[in-house]
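Student: I am new to this structure. Please take me through one part of it closely, the largest pocket, and place that part in the whole chain.

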Amino acid sequence: NGSVSGEDQPTTSGVENGHQEPFVIGVAGGASSGKSTVCKMIIDQLRDQRVVVVTQESFYYGLSDEELVHVHDYNFDHPDAFDTELLLSCMENLKHGKAVDIPNYNFKTYKSVASARKVNPSDVIILEGILVFHDSRVRDLMNMKIFVDTDADVRLTRRIRRDTIEKGRDIKTVLDQYSKFVKPAFEDFILPTKKYADIIIPRGGDNDVAIDLIVQHIRTKLGQHDLCKVHPNLYVIQTTYQI
Ligand code: ADP
Ligand code: MG
């Protein structure tokens, strides 16, 4: 037809492959900002849909023996700590309706263990993690990008509580790691990706209104998908949208 080009071109992949591409949501934000909590709230409200959560933490590189000896000097908050190529290929496969094996990372041994988690294609795929907006190729797979924006003192307080009470670490180690790695990485790598967000949620999981609006929007988008399934002719007018 020649009237549209590039990104605005209508997609017919749903027809060709016999399925509609899943709706991919990225959830980024600082450590302990409430990303997992926000994801859980979204899933709880979308109970009637097939939703799957992939966390970036599954894609941590395992540590070498040398790195294990100096584990306190290892920067877990740096983009290079993650196997982004593997994350990208898993997300591309899921986006195209293929099942994938997500690595199973063990936080006690700092190694990826063999028993991977099989994830089946779904209607909604949520990818959450501190740096999921860092790589443009991963970002470009997302239909909706959410940044959970929680004050630094709240994030630090939660981290101290979690690492001392739940993980049994001493407070000095937690504070050293925070000032050496967590805070600089937030400022250098995580905060600069906030500009890519479509939605910024202040106060994370405390923000019921924001969660309600997000869920409503997802439902609208999924409804459009269903409409296209019922009326195949509508495929020709559906565009590849970026919200
Ligand atoms: P993230 O996934 O961003 O690291 P989590 O959702 O795991 O953050 O939250 C970190 C910690 O803070 C968890 O212990 C969680 O229970 C707690 N938490 C998260 N959101 C809230 C909230 N709105 N109010 C109180 N505690 C919260
Ligand atoms: Mg989490």
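Tutor: Here is the chain in outline, then its sheet, then the pocket, then one loop residue.

This is a predicted model, in which local features need pLDDT of at least 70 and side-chain atom pairs count only at pLDDT 80 or more, while totals for chains, interfaces and linings use all residues. Residues are numbered from 1 along each chain as its sequence is written, chains are lettered from A and ligands numbered from 1 in the order in which they are written, and side-chain values use heavy atoms, with hydrogens and water left out.

The chain has eight helices and seven strands. These are DSSP runs numbered from the N terminus: helices are H or I with at least four residues, strands are E with at least two. Of the 243 residues, 42% count as buried, meaning under 20% relative accessible area with a 1.4 Å probe, protein chains only.

Now the sheet. Five strands form an open sheet in the order β2-β5-β1-β6-β7, and the pairing is parallel. Two strands pair if DSSP finds at least two bridges between them. β2 (51–55) and β7 (199–202) are the edges; each has a single partner strand, so one side of each lacks a neighbour in the sheet. Strand β1 (residues 23–29) is joined to β6 (residues 144–149) by five bridges. Val27 stands opposite Ile146 in β6.

Next, the pocket itself. A pocket is sought on a 1 Å grid over the protein atoms alone: it is an open set of points where a 1.4 Å probe fits, with protein on both sides within 12 Å along at least five of seven lines. The largest pocket has a volume of about 1,100 Å³, the space filled by probe spheres set on the points, which are joined across faces, edges and corners. Its lining has 40 residues, each with an atom within 4 Å of a point. Glu57, Arg159, Arg162, Asp163 and Lys167 lie nearest the centre. Two or more lining residues come from each of α2 (35–45), β3 (100–106), α6 (152–166) and α7 (171–190). α6 gives the most, with six. By class, the lining has eleven nonpolar, twelve polar and 17 charged residues. Asp, Glu, Lys and Arg count as charged; Ala, Val, Leu, Ile, Met, Phe, Trp, Tyr, Cys and Pro as nonpolar; the others, Gly among them, as polar.

Last, Ser33. It sits in the loop between β1 and α2. Ser33 counts as buried because its relative accessibility is 1%. Leaving aside neighbours within four places in sequence, Ser33 is in contact with Val148, Thr150, Arg155, Arg158 and Gly204. Contact means heavy atoms within 4.5 Å.

Definitions and conventions: Buried means under 20% relative accessible area, exposed over 50%, partly exposed in between (1.4 Å probe, protein chains only).
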